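Here are my notes for you, written as numbered points. Keep the model open beside them and look up each residue as we get to it.

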There are 2 protein chains.
Amino acid sequence: MIANTMNLMGAAARRAAAGLALTSGEQRNAALLAAAAAIRQGRAEILAANARDMAEANERGLSGSLLDRLMLDEERIEGMAAGIEAVAGMHDPLGRVLAEWERPNGLSIQRVSVPLGVIGIIYESRPNVTADAAALCLKSGNAAILRGGSESFHSSQAIYQCLREGLAAASIDADAVQMVATTDRAAVGYLLSSMGEWLDVVVPRGGKSLIKRVQEEARVPVIGHLEGICHVYLHEAAEADMARDIVLNAKMRRTGICGAAETVLLDRSAAERLLPVVAAALIDAGCEIRGDATVCAMLPAAVAASEDDWSTEYLDAIISMRVVDGIDQAIEHIATYGSGHTECIVTADNSAAERFFRDVDSAILLQNASTQFADGGEFGMGAEIGIATGRVHARGPVGADQLTSYKYVVRGSGQTRP
Amino acid sequence: MIANTMNLMGAAARRAAAGLALTSGEQRNAALLAAAAAIRQGRAEILAANARDMAEANERGLSGSLLDRLMLDEERIEGMAAGIEAVAGMHDPLGRVLAEWERPNGLSIQRVSVPLGVIGIIYESRPNVTADAAALCLKSGNAAILRGGSESFHSSQAIYQCLREGLAAASIDADAVQMVATTDRAAVGYLLSSMGEWLDVVVPRGGKSLIKRVQEEARVPVIGHLEGICHVYLHEAAEADMARDIVLNAKMRRTGICGAAETVLLDRSAAERLLPVVAAALIDAGCEIRGDATVCAMLPAAVAASEDDWSTEYLDAIISMRVVDGIDQAIEHIATYGSGHTECIVTADNSAAERFFRDVDSAILLQNASTQFADGGEFGMGAEIGIATGRVHARGPVGADQLTSYKYVVRGSGQTRP
């Protein structure tokens with residue numbers, strides 16, 4: 001039953017993708033703008049649908065961070081609409097000549113961007129992923145098959161209806177964006193394992209259980225967003241106020257996003273100068289601190305961290321803190337416990353920052369800026385479908401440009417190969 | 001036993017990759033130049049090893065195309081050494097600033113190329129893949145685990161020893177290039193299914209049985225080279241001599257390579273003008289023609305093509321020919337039977353070529369040039385590890401630049417996210 005439904009969706013998506021590849025950027029932008037307008041106009045319906053999801057989530061006793069991710073209000077709905085408009089306002093990711101050169105034999109070679117084809121998006125509680133993911137797929141000429149989590153089912157369906165209005169307004173095949181209309185988890189398994197004929201790539205967005213499933217079951221290429229165990233490293237040349245502001249923002253601005261910091265590392269030589277200032281701000285903001293022995297000795301409010309804490313993505317108002325013996329140990333700690341997502345060094349010493357940039361192998365490395373900037377919108381991509389922590393195809397924020405492939409166009413005058 | 005051996009190799013490759021990422025381009029080039037010198041100096045040993053492989057292949061009655069792919073002579077060994085030197089002479093694919101921009105909040109963002117990590121290469125009879133693949137991996141700072149086919153076992157081992165000499169000469173960890181020293185096919189299965197911890201990507205090079213295995217068993221990202229069912233479409237505005245030269249070269253220059261043409265499509269309106277000229281050249285060169293009804297009616301020497309012929313990669317001196325009713329039918333034929341590798345249109349009409357470029361969804365599209373130019377060397381990449389027919393990560397010839405990922409480096413001055 002699931003198989004049949006999913007294969008019909010896949011075949012329809014493949015047909016829609018062939019048409020999408022031939023649409024103009026203007027046509028795709030018109031669909032995006034119409035979808036944004038429909039979301040604004042439909043905000044009462046979206047809020048009502050979200051209220052149903054929130055009520056169910058509260059009944060099921062979901063955590064504060066999860067509720068925060070699920071919740072929509074006027075501001076977030078406006079943000080969604082504005083995000084789609086921002087995507088519409090970006091350059092056309094298709095038909096770009098990415099490179100061109102001529103060979104000594106006179107062959108002229110161009111590498112030209114084209115859509116990936118059909119993209120499956122599996123996500124969990126955040127309803128805005130529906131809008132962001134569909135908008136980026138549409139912008140880049142890809143057909144999308146969306147499979148949102150059961151928590152956000154009603155919200156996502158309401159948003160999806162607005163997206164369909166946008167497609168209709170621009171005369172684009174409605175199957176360009178489809179949503180799996182069941183919360184049956186078997187649909188996810190089928191999408192991961194048996195849709196190779198229809199799907200070019202799957203983008204999972206979610207927590208550990210989804211990631212584990214994807215790693216075990218995926219038989220199609222995955223642009224993977226794994227955990228965000230993000231570190232802020234306070235180097236001995238860190239300025240105390242800047243360290244405090246960045247740690248506070250990196251942890252507490254929104255605790256439920258993947259770019260939220262989970263661990264602070266600080267140089268032993270600067271611990272007495274930095275720890276009290278940073279810790280006081282965190283504690284004032286309601287954050288629990290789990291520290292190593294040195295941190296606990298200096299900070300009565302800290303709880304002793306266990307080995308597990310260093311590899312835990314709290315997604316909550318909890319942070320682990322460890323004193324290190326300098327940049328080598330900080331880099332080693334990140335290599336051991338990090339998830340390759342985003343790390344920050346706070347330092348006034350640029351040569352230390354360059355060392356950190358070179359030797360830390362994560363998708364995003366920052367000097368003197370909050371890890372919460374790990375976001376496609378903040379990077380200027382209009383929106384993002386996720387942050388890729390894998391190394392293949394795309395890494396870091398995945399925007400419309402990252403959802404393209406390319407073809408080579410070679411112009412000759414009768415050349416044969418010797 | 002295999003598992004243990006493979007995991008040890010994987011762990012060693014991962015360690016070597018961490019070191020490789022920190023080597024300079026000069027150091028990696030020095031290793032390449034030393035390897036090329038070792039290949040030249042070791043050509044007697046390589047030829048002797050190849051003679052053993054060829055003798056075994058002859059005994060097993062391998063086809064002419066396979067023997068051609070397996071065979072090494074002085075010229076091909078020189079080509080291998082020169083190919084490695086060409087790779088050494090290319091720009092450093094690492095540390096390139098692929099893009100940079102500044103955000104309104106003052107954050108400066110750079111996208112910088114980095115290695116993929118550890119690359120597994122599974123290949124079959126062509127021994128030169130050992131040199132090409134290892135050279136490209138080394139150039140791009142990736143550790144390589146090579147698994148050559150049993151046919152080319154001795155040749156590949158001899159080449160591999162030269163590569164190790166190169167690494168030693170440049171003081172690079174010998175585990176940067178490793179070769180699976182068994183012809184047990186279980187090693188391939190293990191590489192595909194159980195090395196996720198150690199491998200970032202697998203590149204398969206080979207025929208249908210390998211491809212089928214990869215599709216069924218791969219649990220790591222694959223940069224896939226599938227079949228090369230390449231088409232030459234003779235448009236009604238094709239010049240007859242050019243059509244003849246291109247078809248002859250595309251089919252017969254080397255029949256065993258993936259860029260060899262397998263099907264000629266020709267416009268009905270030009271069939272009488274083009275078919276006799278093209279067919280005569282093919283028949284003179286010893287090529288069998290399998291034609292549709294129209295072709296067979298015009299050409300007594302042609303054999304009737306079956307439905308299967310249109311989707312067959314002969315890799316031999318056989319070509320299928322079909323008369324089509326114009327560019328729409330040609331595009332449709334390629335969409336139905338093609339493998340997304342390389343297609344050529346022969347035409348003096350540039351608007352027809354633009355239509356072909358836009359609507360045919362293959363990795364490489366050529367106008368008025370032989371499909372045998374589908375090659376990283378011919379594209380100016382120094383060498384190639386294969387031609388990717390997938391859409392994720394890389395498409396078309398995969399050179400050193402395509403074996404990289406990137407990281408984002410963000411420089412701030414204390415920015416926090418509002």
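1. Facing partners first: in the strand β16(B), B:I109 stands opposite B:V410. A strand here is a DSSP run of E with at least two residues, a helice is a run of H or I with at least four residues, and both are numbered from the N terminus. Another pair is B:V112, whose bridge partner in β16(B) is B:K407. Both fit a wider pattern, as eight bridges join strand β2 (residues 108–115) of chain B to strand β16 (residues 404–415) of chain B, and the two run antiparallel. Two strands count as paired if DSSP finds at least two bridges between them.

2. A word on reading the model and its labels. This is a predicted model, where local features need pLDDT of at least 70 and side-chain atom pairs count only at pLDDT 80 or more, while totals for chains, interfaces and linings use all residues. Residues are numbered from 1 along each chain as its sequence is written, and chains are lettered from A and ligands numbered from 1 in the order in which they are written.

3. Now zoom out to the sheet. What is the order of its strands? It is an open sheet of ten strands, β10(A)-β9(A)-β11(A)-β8(A)-β7(A)-β12(A)-β13(A)-β16(B)-β2(B)-β1(B), with mixed pairing. At the edges stand β10 (303–304) of chain A and β1 (97–102) of chain B; each has a single partner strand, so one side of each is left without a neighbour in the sheet. Helix α13 (residues 327–337) of chain A packs on this sheet, touching β7 (230–234), β8 (261–267), β11 (318–324) and β12 (342–346) of chain A. Its direction makes about 140° with that of β11(A); axes are lines fitted to C-alpha atoms, for helices over the stretch in contact, and angles run from 0 to 180 degrees between N-to-C directions.

4. Look at where the sheet passes from one chain to the other. Five bridges join strand β13 (residues 364–369) of chain A to β16(B), and these strands run parallel. One pair to find is A:A369 with its bridge partner B:Q415 in β16(B). There is also a join between β16 (residues 404–415) of chain A and β13(B), again with five bridges and parallel strands; there, A:R411 stands opposite B:Q367.

5. Is β16(B) enclosed or open to the outside? Ten of its twelve residues are buried, so β16(B) is largely enclosed by the rest of the structure. Buried means that 20 or more other C-beta atoms lie within 10 Å of the residue's own, exposed means 12 or fewer, and partly exposed is in between, with C-beta atoms placed from the backbone.

6. On to the interface: 47 residues of chain B are in contact with 47 residues of chain A, contact meaning that C-beta atoms, placed from the backbone, lie within 7 Å. The largest share of chain B's side, eleven residues, comes from β16(B). Also, 100% of the interface residues of chain B are interface residues in chain A too, so the copies meet through the same surface.

7. How do the copies relate? Chain B can be laid on chain A with an RMSD of 0.0 Å by a turn of 180° and a shift of 0.0 Å along the axis, using least squares on the C-alpha atoms of residues with pLDDT of at least 70 in both. That is the relation of a two-fold axis. In chain B, the C-alpha nearest the axis belongs to B:H393, 1.8 Å from it.

8. Chain A as a whole has 14 helices and 16 strands. Its C-alpha trace spans about 70 × 65 × 35 Å along the principal axes, and buried residues make up 56% of its 418 residues.

9. For a well-covered strand, try β3 (residues 118–123) of chain A, where six of six residues are buried. A:V118, A:G120 and A:I122 point one way, and A:I119, A:I121 and A:Y123 the other. Five bridges join β3(A) to β4 (residues 143–147) of chain A, running parallel, with A:G120 opposite A:I145.

10. Last, an odd one: phi of A:S171 is near 55°, a positive value in a residue other than glycine. A:S171 sits in the loop between α7 (153–169) and β5 (177–179) of chain A, and counts as exposed, with 10 C-beta neighbours inside 10 Å.

Definitions and conventions: Contact = placed C-beta atoms within 7 Å.
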